[in-house]
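Please open the model in your viewer and keep the selection panel at hand. The tour proceeds by selections, each followed by a description of what is found there.

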Amino acid sequence: MATRMRFRKWYTMGQTLTRAAQWTSVSEGGRGRLEFSPVNEALINSTIKYVEGFSSKHPAETAIVFKSPLQWKTTLEPSTFGSGYEISDDSVTSKAKDKNDQPLLTLRKLGELNYDIKVYCFNQLSNVLKIAGDMKMREARSILEANPDPTAKMLGDGFATIEGEDNSTLRLLEQTKKESGDEGDELESKLRLLLLIQQFDMQLMNQSLKHISQEVRLTPQQINSEVALLKRYCGADSGSVLEKISFTTDYVFDNGCRAPPWRQVHGDICCLNILPLDGEELSVTANTAGVYINKGIEGESNDQSYERVGDIYKDLVALLKTKSPKFAEIIESKEFELKEDQKEEHFEASDDEIDGDMTERGFEEKKEDKKTEKISKQTTKRKKCATVARTNATLNWKNEEMNRQSREKKDKDKKERSEKRLSRQTIDRKQKTPALLEDEFYSDSSSESEEEEDTPDRRQEQNSDLPSEYWQIQKLVKYLKGGNQTATIIALCAMRDFNLGQETCQLAIRDVGGLEVLINLLETGEIKCMIGSLKILKEISKNTQIRKAIADLGGLQTMVDILKSSSKDLKCLAAETIANVAKFRRARRTVRQHGGIKKLVSLLDCAPLGSMPMTDEFEKDVEVARCGALALWSCSKSTRNKLAIRKAGGIPLLARLLKSPHEDMLIPVVGSLQECASEASYRLAIRTEGMIEDLVKNLNTENQELQMHCASAIFKCAEEKETRDLVRFYGGLDPLVVLLNNSDNKELLAAATGAIWKCAMSSENVERFQELKAIEMLVALLNDQPEEVLVNVVGALGECAAQEPSNRSVIRKTNGIPSLVNLLTGTNQALLVNVTKAVGACATEQDNMGIIDRLDGVRLLWSLLKNQNPEVQASAAWAICPCIENAKDAGEMVRSFVGGLELIVSLLKSDNKEVLASVCAAIANIAKDEENLAVITDHGVVPMLAKLASTTDDRLRQHLADAIARCCMWGNNRVAFGENGAVAPLVRYLKSPDSTVHRATADALFQLSRDPDNCITMHESGVVKLLVGMVGSDDQELQVAAAGCIRNIRRLALANEKARYSKT
């Protein structure tokens, strides 16, 4: 098992961490890591406590300068150090120095959020732990892992911890007796320090032995057994102890673990989702040290957090007894009802599936096993039925466990005997490539731009007709496995002579175990073998199944390491292969987690193109940069990778390469930029680094792929007005319109129309599009185009029609309105949003509205209010507004829609503010017709509008106030608004900075002020002072409404005064 306890031959803090600490067996650079276990946690905590208190207890020993510094990598930043240190942006040095005037602490920057620290005495070591604060546990772990034998560092190699008899203390004692003066005092201090360390070492040893004696180490087999047992008693019936228990992934590694490799190094075996009968679902980690609750899936990112929450328990039962009172109650009773025979069979089948995860047996073997199992089950069922008939039997928990383990042992023995009869060749052919780990472990981000590829794993059947190449390649792989260096190179050359782009050849290499051999060759250090292997991997990694197999076998990690090789050929081939493999999320994540992004960005750093003659050496540098850009292009489909590229300094390097005259360089560079342009920080950088000019320049090339990527980059960057202005300034609008002629290349057409759509959001750009006759060209693209093109075309037409009235006539004259109306019947949500906007913009002209009405376009718009997408609902409601305003008989048209008024009123229950604002605007237009106003009043529009009055959104406030003003025109609606509490919130609208809100609110208050009770509420809310200031507004409508409202309030006050005087 990858995380079992190891007793290392290199030692930390004397013998204790040599013999008692638990180290992972996974090595990195010849060095293991401390497991995350209770024993190690106790050791580290004790060490921290000892070091922090050392300065106050032993001041003389604290000042001893170490022979060699304790050195490790830290995440502490210079800003965390305080007084007593000289701090700069990238380094820290202590003011305290040794007798040679050397600082006792130095910290220097290695990379982003990564620093190297050296400490020369206990005093500075104690300070570092105090500065680390809550992170001191991680810092202490890093110190111990990076310094295998700190005693040797502190006192010299002569005091290194060794196995057997250690005479270093006696030697130091004898040396102390011989010396005198200052040297004798220093040796005496060292002796005391050594004795103190040995004393502390003994304390740690006793503490560790106590922990180890109490600790029970879990194994995958124990966890599987416990889970299988608990599954037997899952369900919703009275005999169950849990609702559900399941592994988060079905993939099982050869060591029996289900946890990802980077968690196995911490001792993790698997993760489980457990749903108790009386609580929420638990996310549980099973570790070699025990089981514990983890944080589970975190937030919108959908990432699995493995951080421990609470205590560690010896097994799942102990954990569940603590977390679920119901489970504890049932377990304590030690009795479980027997399941029905049907359920017994179901659970047994489930166990078979669990056991079958490791290997895929042949059809005949499965058939034989099923036959044997069937006979066994029938016998078992007869025995169980007889027992149940005599007594209502129950099973004790421990007895059930022992019986099940006995059955498993027999099944396992039988399976092993069966497998021994199979030949090695048959096993090789039938063995299945390990399945992908479940996405729970690899969830990178909710905003991934590409889903994990999920293609079936196809194997060549044993008896199928295979071409001769298949068998010839298998022979070559055997030579690769057993030959010397020369034979290996010859076999690699012979293999490259085959058509490696053919799927049969690719799968032949995989089926016979060739991928493992090729990946192993990358670690040999032999340049020729590595180059030959990478050339083959580069070709075959274009196959989806091969890509996943390479990732499963750890090939990406090896290729990332090759990126720092001195051989430029190796760098190129490794980067190109990474570019092919990193087509799915898990591969991209692996590249990032192993430092691949920084290494790939460093490949881009070549001299500016054109600054020096193209020598062979310079051409190689350019090729390295191109391959690096190609790999970054694949990796940049991940949001976190985009952030990593930016942090690694990739933006200025990409900007430099964007000026290259070579198209094969420009394509991956622009491809990377257009992928990253979905992030606002990249859009800002692209604009400020002057890349818009280069993107526009490359729109004029003959290479359509390059044109497509440049247009896509502009499409994403043109969200900001500054970028749209730069595109126009550098003459980018003209080539974009020219690209509309490439109707055969749909990808290029989609990119060009998208860029035109975004650029059309600026009125200055629309004017230029008019001059270039772009509107007519866009209308011509409304038919017989894929949806991704139509979305952009319709979006561009909508912007052009909204910005410039003359464009609406152009759309009508070019017969574009019928095409737009036809698109209202589609199902693509993005297309529907854009089509409704375009139809609404066209409907602002009466001639266009006549065509829309004749084509039944308003009814189609109304039907879209039933769409489940809030964006479609809002866009349709906005489009309905100009249709009602410009229809000849709008009132009758609206009433003709059966259930239409009830539908639009019901949308006032929406939680989406854009939907609410658009529906209020539509209701304000509908209420202009008295009959329609009466109908919506009957449908309860007044209390629903009043309920929205407390909103703080100014856009909603404006249209809500308009709707309230219109609805006041019918019956006792004014009184009803007051009774439903709508008046006082409306007064607060007058404090908004938006003048359109003031106008609509003043109108609504004027209508409401015709009811005396509403006047009283307004006066109490301080409306008079606010309205008096608006009487002097330049807006005439606002003046009239404000003055009218004040007049009504004043008239009511005068009437009250008159009534009071008349009584007296």
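Begin by selecting Ile 293 and Val 309: Val 309, in S10, is the bridge partner of Ile 293. This is a predicted model, in which local features need pLDDT of at least 70, side-chain atom pairs count only at pLDDT 80 or more, and totals for chains, interfaces and linings use all residues. Residues are numbered from 1 along each chain as its sequence is written, and side-chain values use heavy atoms, with hydrogens and water left out.

Next, extend the selection to strand S9 (residues 290-298) and S10, which run antiparallel and are joined by six bridges. Helices (H or I, at least four residues) and strands (E, at least two) are DSSP runs, numbered from the N terminus; two strands pair if DSSP finds at least two bridges between them.

Now display the whole sheet. It is open, with five strands in the order S6-S7-S8-S9-S10 and antiparallel pairing. Strand S6 (242-247) and strand S10 (303-313) each have a single partner strand, so one side of each is left without a neighbour in the sheet. From one strand to the next, the twist averages 30°; axes are lines fitted to C-alpha atoms, for helices over the stretch in contact, and angles run from 0 to 180 degrees between N-to-C directions.

Add helix H9 (residues 220-231), which lies across S6, strand S7 (268-276), strand S8 (282-287) and S9 and runs at about 150° to S6. Contact means heavy atoms within 4.5 Å.

Turn then to Ser 94, in strand S3 (residues 91-94). Is Ser 94 buried or exposed? Ser 94 is buried, its relative accessible area being 1%; buried means under 20%, exposed over 50%, and partly exposed in between (1.4 Å probe, protein chains only). Leaving aside residues up to four places away in sequence, Ser 94 touches Gly 84, Tyr 85, Pro 103, Leu 104, Leu 105 and Gln 124. A C-alpha to C-alpha distance of 6.7 Å separates Ser 94 from Thr 106, twelve residues apart in sequence.

Finally, select Glu 892 in helix H47 (residues 890-895). Glu 892 is partly exposed, with a relative accessible area of 42%. Display Asp 929 as well: its C-alpha atom is separated by 8.9 Å from that of Glu 892, and the two residues are 37 residues apart along the chain.
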